[in-house]
Amino acid sequence: MSDYSRPDSGTGCCRCCFSFILTLGLTSLFLWLSLRTSNPVCSIQDVYIPALNKTRNSTSYQSIYLDLKLDNENKDKGIYYDPLNITLHYYINQSNGNGIPISNYVLKGFYQGHQKKARRKNWTDTQGVPWDAAVNITGGRPPVFRVDLATAVRFKILFWKTKRHKLILGADFEVSDRGQKLQKKGTRLKSGAPPELFSGNSRIAFSLVVFCTLVLVFI
């Protein structure tokens, strides 16, 4: 009579559990990658201040032309912008960094598709700028201005939208004696606060990834 060994049912159960956990881990990783979002990249592309153009020999025209660029670098997520509040400052005393607000305007909110770019070009009136002093600034130092942008954004992921989160950015820029931004390349607006690595939904998916990884390690 032949002696046949019985199949190990425990081994089959372990394989089944391992496959399930591996599938769950990969699914969680996919969800995390899908839910992860990146804030738009905002930059100052061009500036023109006629009052600081010494070739004009006049400070009578005291408006500022500002060209802003907004990039949505997310591959598969659109962005809904609330109205964008733009504030300009002028640094009277560059050594102590004190700036005075000289202009403020609001841009209409809009939707931006994934990997799309948008430009917002505006002339805005100013007030409180000592233009004569700015033109004849001493020490050979160029006048320094600042742009601050404040809004709130929501991300469109497939068929739903995330909650709003605030976006507050700013950047300084120097102006030449032609009234143009000295830096030829775009000047990126940055946040003074540390970046938020994950949104609420991304944190949930990331936690699942960590949990499944730990299970796989200790199984």
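The following legends describe an overview and several close-up views of a predicted model.

**Figure 1. Overview of the predicted chain and its secondary structure.** Three helices and twelve strands make up the secondary structure of the chain. Of its 219 residues, 37% are buried. The accessible surface amounts to about 13,800 Å², and carbon and sulfur atoms contribute 56% of this area. Among contacts with a separation of 6 or more, 68% join residues that stand 24 or more positions apart.

**Figure 2. Confidence of the prediction along the chain.** The chain has a mean pLDDT of 81, with 67% of its residues at 70 or more. Among the elements of the chain, strand E2 (residues 63-71) has the highest mean pLDDT, 98, whereas helix H3 (residues 200-218) has the lowest, 52. In the stretch formed by residues 194-198, the pLDDT is below 50. Beyond near neighbours in sequence, this stretch has three contacts in the model. Where pLDDT is low, the predicted coordinates should not be read in detail.

**Figure 3. Close-up of Asp82 and its surroundings.** Asp82 is located in the loop that links strand E3 (77-81) to strand E4 (84-93). Asp82 counts as buried because its relative accessibility is 18%, and the term applies to values under 20%. A polar contact of 2.9 Å joins the side chain of Asp82 to the side chain of Arg164. When neighbours within four places in sequence are left aside, the residues in contact with Asp82 are Gly109, Thr151, Ala152 and Arg164. Arg164 thus appears both in this list of contacts and as the partner of Asp82 in the polar contact.

**Figure 4. Close-up of Asn57 in the loop between strands E1 and E2.** Strand E1 covers residues 41-53, and Asn57 lies in the loop between this strand and E2. The backbone angle phi of Asn57 is near 55°, a positive value in a residue other than glycine. Asn57 counts as exposed because its relative accessibility is 70%, and exposed residues are those over 50%.

**Figure 5. Close-up of Gln115 in the loop between strands E6 and E7.** The loop that holds Gln115 runs between strand E6 (111-112) and strand E7 (117-125). Although Gln115 is not a glycine, its phi is positive, at about 55°. With a relative accessibility of 49%, Gln115 counts as partly exposed, because the term exposed is kept for values over 50% and buried for values under 20%.

Note on methods
Residues are numbered from 1 along each chain as its sequence is written. This is a predicted model: local features need pLDDT of at least 70, side-chain atom pairs count only at pLDDT 80 or more; totals for chains, interfaces and linings use all residues. Side-chain values use heavy atoms; hydrogens and water are left out. Helices (H or I, at least four residues) and strands (E, at least two) are DSSP runs, numbered from the N terminus. Buried means under 20% relative accessible area, exposed over 50%, partly exposed in between (1.4 Å probe, protein chains only). Contact means heavy atoms within 4.5 Å. Accessible areas come from the Shrake-Rupley method with a 1.4 Å probe; for residues, only the protein chains shown count as cover. A polar contact is a pair of N or O atoms within 3.5 Å; within protein, one must be able to donate a hydrogen and the other to accept it, and residues adjacent in sequence count only if both atoms are side-chain atoms. pLDDT is the predictor's confidence in each residue, from 0 to 100.
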